[in-house]
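Q: Please take one part of this model and examine it closely. What should a first-year student look at, and in what order?

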Amino acid sequence: MLVNSVAGRSPPTQELALSVIDSSPTAPAPPATLPPPPPRRGRPAARLTGLLVAFLLLAAVAAVSLAVGAKQLTLAEAWQGLWDSDSPAHVVVRQMRLPRTLLGLLAGAALGVAGAVMQAVTRNPLADPGLLGINAGASAAVATAAAFLGVTGVDGYVWFALAGAAAVTALVYAVGGGRGATPARLALAGAALNAALYSYVSAVMLLDSASLEKMRFWTVGSLASADLATVVRVLPFAAVGLVIALATARPLNALALGDDQARALGARPAVIRAAVVVAVTLLCGAATAACGPLVFVGLLVPHLVRALTGPDLRWLLPACALLAPVLLLGADVAGRVLGRPGEIQVGIMTAVLGGPLFLHLVTRTRAVRS
């Protein structure tokens, strides 16, 4: 009877026993399905906000540049002098400070964007129009034209500056190893050519007193002799260079993954590098022809901006185009204030301000990595 009673358990009892066995600790639990992480929607908005803040900061520095100088003006007086021909400040603002400010905006944007694309294409954080000798090549060509060919004015300088920048860009790339160039070899090649070319410029100026007088402010980097004609002459070169550089932002992002990955994504590394060379030549040649060699702008600004925007060049390049003129105009204004009743040239101020800032940036980066 006992056997019959055991064998005759009701189906519900058997199901309960099976359920107990299935829920024992040794039984594997069904895999849990986690919901996908929510998309990060705040990053583009934060970047757009950053670009807006950079634009407002640039507008503020430009306004200060119009007001500050040997003759101190209020912002209201500078604004009135900008538009009212009967204002006592009209001549000072329109003929002296407005061209200077516009040239600072143009040259700063050109050098900042040139430095950013050079650092991206060479994968070298020290890539810079000054450190790689490109500004030195433009300076050597301009010094040669002024001393031996009798060329004067930006009309003639700009073509020689473009040729010198292009020649040194190609030479640095060839000496650095061509397609097998490494960041260290490019930096060494650029440093060597930079020293040799600036020695040549110094020798030419010392041997020719007329060239020394014409170029003594230009060689240290200056905005003091700017006029609207200079801005108009270099604007097309800088504008074309900026357009080409901005157009390479997405392909350069792909190139950062390596040549093979870039080709898999549809990019053409050789074409990208050629476009960057053209853009850097136009940007550096135009800025150097108009202002002379300016250091640290193209080196420092991309590092500062990259901490805010990240490595995406679609955001990095526009931010550099806005914040590099802030640095250049800020240095120019500081030179006018500290050098009163004269002024300290902007090339000296960018070196004085940029050197310690870059050392602080390198030290902070090393501390973070350690």
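A: Glutamate 343 is partly exposed, with a relative accessibility of 30%; by relative accessible area, buried means under 20%, exposed over 50% and partly exposed in between (1.4 Å probe, protein chains only). The model is predicted, with local features needing pLDDT of at least 70 and side-chain atom pairs pLDDT 80 or more, while totals for chains, interfaces and linings use all residues. Residues are numbered from 1 along each chain as its sequence is written, and side-chain values use heavy atoms, leaving out hydrogens and water.

The partner of glutamate 343 is arginine 100, and the two form a salt bridge (a side-chain nitrogen of Lys or Arg within 4 Å of a carboxyl oxygen of Asp or Glu). Their closest N and O atoms are 2.4 Å apart. This pair connects distant parts of the chain, since 243 residues separate arginine 100 from glutamate 343. Arginine 100 belongs to helix 5 (residues 90-122), whereas glutamate 343 sits in the loop between helix 15 (313-338) and helix 16 (346-369). Unlike its partly exposed partner, arginine 100 counts as buried, because its relative accessibility is 9%.

A second salt bridge lies within helix 15. There, the side chains of aspartate 332 and arginine 336 meet at 2.8 Å, N to O. The two residues are four positions apart in helix 15, about one turn of the helix, and both are buried. Salt bridges that share partners join this pair with Arg100 and Glu343 into one network.

A further salt bridge pairs arginine 314 with aspartate 312, the closest N and O atoms being 2.8 Å apart. Here arginine 314 is partly exposed at 41% relative accessible area, while aspartate 312 is buried at 12%. The total count is five salt bridges.

The wider setting of these residues is helical. The protein chain has 16 helices and zero strands; these are DSSP runs numbered from the N terminus, a helix being H or I of at least four residues and a strand E of at least two. Of the 370 residues in the protein chain, 45% are buried. Among contacts (heavy atoms within 4.5 Å) with a separation of 6 or more, 74% are between residues 24 or more positions apart.

Helix 13 (residues 269-291) offers a view of the packing. Its axis comes within 8 Å of the axis of helix 10 (residues 228-247), and the two cross at roughly 155°. The axes are lines fitted to C-alpha atoms over the stretch in contact, with angles from 0 to 180 degrees between N-to-C directions. Helix 10 is therefore roughly antiparallel to helix 13, as angles over 145 degrees count as roughly antiparallel, under 35 as roughly parallel, 65 to 115 as roughly perpendicular and the rest as oblique. Residues making the contact include Val234, Phe237 and Ile244 of helix 10, and Val278, Leu282 and Leu283 of helix 13. The contact comprises 14 nonpolar, two polar and no charged residues; Ala, Val, Leu, Ile, Met, Phe, Trp, Tyr, Cys and Pro count as nonpolar, Asp, Glu, Lys and Arg as charged, and the others, Gly among them, as polar.

Helix 6 (residues 134-148) also approaches helix 13, with axes within 9 Å and a crossing of roughly 55°, which means that helix 6 is oblique to helix 13. Ile134, Asn135, Ala138 and Ser139 of helix 6 meet Val280, Cys284 and Thr288 of helix 13. That contact has four nonpolar, three polar and no charged residues.
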